[in-house]
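Please open the model in a viewer and follow the selections below in order. Each stop names what to select and then states what is found there.

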Amino acid sequence: EAKVRSPNSMAIFKGKMRQLVEENAGLEHDLYNAINDNQLFLVYQPIVSTESSRIVAVEALLRWHHPTKGILAPDQFIRMAEQSGTIVEIGRWVVSNALRDLLLMRASHKDLADLRVNVNISVEQFRGDRVDTIVVAALRDNGLTGEALCVEITESSLMKDLNVADDQLQKLRRRGVRVALDDFGTEYSSLAYLRNLPVDCLKIDRSFVEPLGSGMSVADTLVAAIIGIGMGLEMEIVAEGVESSRQLTRLAELGCGEVQGYFYSRPVPAQKLAGLVKKLKDLRAAGVSPE
Ligand code: C2E
Ligand code: MG
Ligand code: MG
Ligand code: MG
């Protein structure tokens with residue numbers, strides 16, 4: 001409540017603020033225990049090739065089953081985890097569990113034998129620990145090579161601490177781990193920098209995908225430009241937030257290689273991925289894909 005008119009509303013405002021602060025402190029304490037109490041879990045959203053309409057990768061997305069508040073999404077606790085430093089421990093947990101789940105998913109269907117998993121990494125993780133060391137150990141523990149993994153980072157996090165992140169990301173890339181720039185287009189978008197960033201893939205932010213093909217030609221122009229830049233830099237392009245066949249068709253026409261979004265699937269538990277393979281086959285059979 002930004003507008004404060006009377007002493008009475010001021011008191012209510014202060015009370016609400018105090019309540020918020022206390023709730024947050026409580027939540028921070030809860031998060032500290034969440035890992036050991038097995039309250040964190042991952043769901044996976046398929047990333048689909050526009051050419052073959054097959055699942056090529058999945059993005060691991062974190063959820064917290066809070067004992068009293070129910071299931072919380074990352075925007076309700078990741079920032080807090082970054083500020084308190086708990087993100088380092090959480091990040092370690094995410095990587096190792098995503099790779100373990102990847103083995104299960106690969107084994108669950110023959111079409112998933114080469115599946116890759118994408119994990120989101122916050123810049124605070126690079127400051128708090130050696131991400132490359134953690135990732136390499138997790139790969140080794142699961143008998144996987146770097147090709148199994150893609151790490152997603154946002155432009156702002158990469159630019160905030162490029163020196164710290166660059167060295168760790170280069171080490172990972174030398175092992176075959178891919179690096180994707182998440183939410184591309186919403187932040188710095190410094191084209192001069194882009195060429196020198198340790199990045200293999202651009203993920204076009206949902207906000208660009210949303211108006212695609214709606215007759216608003218500037219939306220198509222922007223996406224075409226992003227795809228052109230990515231291709232020129234020999235990067236892979238993934239479009240996020242694809243919800244309709246209209247958007248999917250347009251993205252395929254514009255040369256976007258991979259898509260992700262509710263059109264194909266919401267994020268699902270690892271055990272549900274094999275079922276999605278079948279659903280996509282049925283979609284292909286029904287001619288829904290633009291191939
Ligand atoms: P993101 O990496 O950009 O992930 C995509 C978000 O968009 C996910 O939200 C996903 O559920 C949502 N999404 C996917 N398809 C669609 C669609 O078609 N329409 C709409 N409206 N939304 C769609 P989610 O799972 O709530 O995650 C939000 C953000 O939290 C992620 O954005 C990522 O930045 C962060 N995050 C998630 N998991 C982790 C994690 O393990 N570690 C860190 N550091 N951050 C994470
Ligand atoms: Mg992401
Ligand atoms: Mg994103
Ligand atoms: Mg995001």
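Begin with ligand 1, which in this predicted model occupies the space of the largest pocket. Three elements each give two or more residues to the shell around ligand 1: E2, helix H3 (86-108) and strand E6 (178-184). E2 supplies the largest share of that shell, with four residues.

Next, display the surroundings of ligand 1. There are 23 residues around the ligand, and those that come nearest are Arg63, Ser122, Asp182, Glu243 and Tyr262. Which polar side-chain atoms should be picked out here? For Asp182, a polar side-chain atom lies 2.8 Å from an oxygen atom of ligand 1. In the side chain of Arg206, an N or O atom is 3.1 Å from a nitrogen atom of the ligand. In the side chain of Glu240, an N or O atom is 3.2 Å from an oxygen atom of ligand 1. Taken alone, ligand 1 exposes 790 Å², of which the protein buries 82%.

**The magnesium ion (ligand 2)**

Keep Asp182 selected and add the magnesium ion (ligand 2). Which residues are its protein donors? They are Glu59 (OE), Asn120 (OD1), Glu152 (OE) and Asp182 (OD), at 2.0 to 2.2 Å from the ion. Along the sequence, these donor residues follow the spacing E-x60-N-x31-E-x29-D. Glu59 belongs to strand E2 (residues 55-66) and Asn120 to strand E4 (residues 116-120), so this pair ties together parts that are 61 residues apart in sequence.

Colour these two donors by accessibility. Glu59 counts as buried, because its relative accessibility is 3%, under the 20% limit. Asn120, at 30% relative accessibility, counts as partly exposed.

**The magnesium ion (ligand 3)**

Now move to the magnesium ion (ligand 3), which is 4.2 Å from the magnesium ion (ligand 2). Asp182 coordinates both ions. The coordinating atoms of ligand 3 come from Asp182 (OD), Asp183 (OD), Glu240 (OE) and Glu240 (OE), at 2.1 to 2.4 Å. Glu240 is thus listed twice among the donors of ligand 3, and the spacing of the donors along the chain is D-D-x56-E. Asp183 in strand E6 and Glu240 in the loop between strand E8 (236-239) and H11 link distant parts of the chain, 57 residues apart.

Are Asp183 and Glu240 buried or partly exposed? Asp183 counts as partly exposed, at 25% relative accessibility, whereas Glu240 is buried, with a relative accessible area of 11%.

**Cys256 and Thr50**

For the last stop, select Cys256 in the loop between helix H11 (245-253) and strand E9 (258-259). Cys256 is buried, with a relative accessible area of 1%. Add Thr50, which is found in the loop between strand E1 (40-49) and E2. Thr50 also counts as buried, at 13% relative accessibility. Which atoms of these two residues lie 2.6 Å apart? They are the backbone oxygen of Cys256 and a polar atom of the side chain of Thr50.

Finally, draw a distance from the C-alpha of Cys256 to that of Ile204. The separation is 9.6 Å in space, although the two residues are 52 residues apart in sequence.

How values were computed: Residues numbered from 1 in each chain as written. Chains lettered and ligands numbered in written order. Predicted model: local features only at pLDDT ≥ 70, side-chain atom pairs only at ≥ 80, totals over all residues. Heavy atoms only, no water. Donors = N, O, S within 2.8 Å, 3.2 Å for Na, K, Ca; no water. Buried < 20%, exposed > 50% of the residue type's maximum accessible area, 1.4 Å probe, protein only. Near = heavy atom within 4 Å. Polar contact = N/O pair within 3.5 Å; in protein donor to acceptor, adjacent residues only side chain to side chain. Areas by Shrake-Rupley, 256 points an atom, 1.4 Å probe, with all protein chains shown as cover. 1 Å grid on protein atoms, 1.4 Å probe; cavity = no way out; pocket = protein on both sides within 12 Å on 5 of 7 lines; lining within 4 Å. Sits in = over half its atoms within 2 Å of the grid points.
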